[in-house]
Every structure is written in structure tokens, then in C-alpha cells.
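Me: I am new to this structure and would like a close look at a single part of it. Could you pick out the core and the sheet around it, and walk me through them slowly?

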Amino acid sequence: MDPRHLFVDQRLIGMCVYCGGTPNTRDHVPSRVFLDEPLPPDVPVVDACEDCNNSFSTHEQYVACLLECVINGSAEPDEVERYKVKKILTENPSLGVRIAKGRTKDDNGKLVWKVEEDRVKTVIMKLARGHAAFQLGLPQLGEPEEISFVPFVVMSDEQRTTFEQGPTSSAPLWPEIGSRAFISAVKSGTVEYERDWLTVQASRYRYFVDQTEGLLIQMVLSEYLACRVVWLA
Ligand SMILES: [Zn+2]
């Protein structure tokens, strides 16, 4: 058998990667609302159930719109850049009102936004579970040890460097045979674990998967929000 044969897909067939239930649909990771059209040709896709798919979509819309509003300093459809977000805010004005309500000024007169943290966390967990399943063939249905998200603008230079570099280790782990990480390593001529950032769409979405200590998934949304999820082994 050719070890480069990708068997992770077969192993995952029959399971929603978010809840473990019976899948009846497929889901983009990240979901389309975080990307601009035209979509890149190779957006990761995972099996999911319709219940999960539907239950996440309003939260994903909220996060996509919130990010765009914060980046542009406004919750008005005319004043945001991304076409998809303009459209959502126009069709669903109450969402814009809800986001705008969180807009306030701090003690120094700087614009700050109140964030519905649970909704952001829900979306980050979904993204991390999708990447874990797609990239390594490791569905992670349990709760992680760590989940965090922070805008780049409030990170120190040191925090930013640590985040961008990921864990530093002199002993890279070898990927499981048949996983996407293994295949990309074989193609590049080294059988070391692929540790580079993977860009789904420039300036919209990139992610990073590492297994040096447990399983670490990092994501960057709109080059603004740095997200991190860790499951310890
Ligand atoms: Zn599900």
C-alpha cells in the first residue's frame, strides 16, 4: 500500500467533526463568511451534521461582522469594506445595531468595542475542531485546556513573535502516516512535521497546527484577531 494514500478522509467518514453525530452535510473550514469571493479552490472541507452547521451560522455571521466593524471603526454597511459583511449588515440591520451598541470610548478617548465573548469562543472552537479533523485526522470532541483570542493590536512585540513562531522544539514530532501533514512533508522531501502557517486566503484567514505539546491550533482572522486553542495529550 502506498503510505501516501490519504486515509484520514475514510476514517472520518461517518462522523460530524463537531459533535460526533451522523453527518449529512459538508462544511468549509473556515466557513465561507470569513472568506471573500471568489473562494480559493482548496478550502478545507469536513463532514458535519446539519444541526451543528445551522447552530453555528448566526454566531459566525456575528464574528465576521464584528471583526469588520472593529477594523473599520463603524457598524454602518456603507463604511465597512468586505462585501459579504456589507450585505449581512444591510439584510440584518438588528445585527449592526447590536454590534454598534458595544461601541464605546475608553478613558483615553479611544474607540473600544464590547465583545460577546461566548459567541466568539463558540466560533473559535468550531474552527479549531475543523482544522484538527482535516489536518491531522484527529477529531477533538472534548473541551480544550486552553482557548484564547486577542487582537494583534493589544499584543506586545514579544507576544506577537511567540504567537507567529509557535512552539520551539529541537525534536520535531513525526506526523502520522497518511495524515495531510505527512503527505505535505513527503512531498517537500522531509518527513518532519509541517509547522508553517497555512494561508487559506491572504489577509482573510490563516492557521497553524502543531503537535509539539498536545495539539495546538492557531488561527488569524482578517489579520486582526489571533486565536489559540490547545488540547493537551
Ligand atoms: Zn454535529
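Reply: Happy to help; what follows starts with the whole protein, then moves to the core, its main helix and the sheet.

This is a predicted model, in which local features need pLDDT of at least 70 and side-chain atom pairs count only at pLDDT 80 or more, while totals for chains, interfaces and linings use all residues. Residues are numbered from 1 along each chain as its sequence is written.

The protein has seven helices and nine strands; helices (H or I, at least four residues) and strands (E, at least two) are DSSP runs, numbered from the N terminus. Of its 233 residues, 34% are buried. Here a residue is buried if 20 or more other C-beta atoms lie within 10 Å of its own, exposed if 12 or fewer, and partly exposed in between, with C-beta atoms placed from the backbone. Among contacts with a separation of 6 or more, 62% link residues 24 or more positions apart. Two residues are in contact if their C-beta atoms, placed from the backbone, lie within 7 Å.

Now to the core. The largest nonpolar core has 49 residues, and those with the most contacts inside it are Cys65, Leu66, Ile217 and Leu221. A nonpolar core is a set of buried Ala, Val, Leu, Ile, Met, Phe, Trp, Tyr and Cys residues joined through C-beta atoms within 7 Å. Two or more residues come from each of β2 (45-48), α2, α3 (83-91), α5 (117-136), β7 (205-210), β8 (215-221) and β9 (225-231). The largest share, 10 residues, is given by α2. In soluble globular proteins, nonpolar side chains tend to be buried together.

Let us look at that helix. Helix α2 covers residues 50-72, and its 23 residues should span 33 Å at 1.5 Å a residue, which agrees with the 33 Å between its end C-alpha atoms. The expected span is 1.5 Å times one less than the number of residues. At Ser57 the helix α2 bends by about 35°; the bend is the angle between axes fitted to the seven residues ending at a residue and the seven starting there. Buried residues of α2 include Cys52, Phe56, Cys65, Leu66 and Leu67. After α2 comes Gly73, with a positive phi near 70°.

Leu67 also leads us to the sheet. Leu221 touches Phe34, Leu67, Tyr205 and Cys227, not counting residues up to four places away in sequence.

The sheet is open and has five strands in the order β5-β9-β8-β7-β6, with antiparallel pairing. Two strands pair if DSSP finds at least two bridges between them. At the edges stand β5 (146-151) and β6 (198-201), each with a single partner strand, so one side of each is left without a neighbour in the sheet. From one strand to the next, the twist averages 15°, where axes are lines fitted to C-alpha atoms, for helices over the stretch in contact, and angles run from 0 to 180 degrees between N-to-C directions.

Take the pairs in turn. β5 and β9 run antiparallel and are joined by six bridges, and Val150 has Ala226 in β9 as its bridge partner. On the other side of the sheet order, β6 and β7 pair in the antiparallel sense over three bridges, with Thr199 partnered by Arg206 in β7. β6 and β7 form a hairpin with three residues between them, and Ser203 in the turn has a positive phi of about 65°. β7 and β8 pair in the antiparallel sense over six bridges, and Val209 stands opposite Ile217 in β8. Their hairpin has four residues between the strands, with Gly214 in the turn showing a positive phi of about 65°. Five of the six residues of β7 are buried, so β7 is largely enclosed by the rest of the structure.

The loop between β8 and β9 deserves a pause. Ser222 lies in this loop, and its phi is positive, near 50°. Glu223 lies in the loop between β8 and β9 too, also with a positive phi near 50°. Most residues other than glycine have a negative phi, and most peptide bonds are trans. Ser222 is partly exposed, with 16 other C-beta atoms within 10 Å, and Glu223 is partly exposed with 14.
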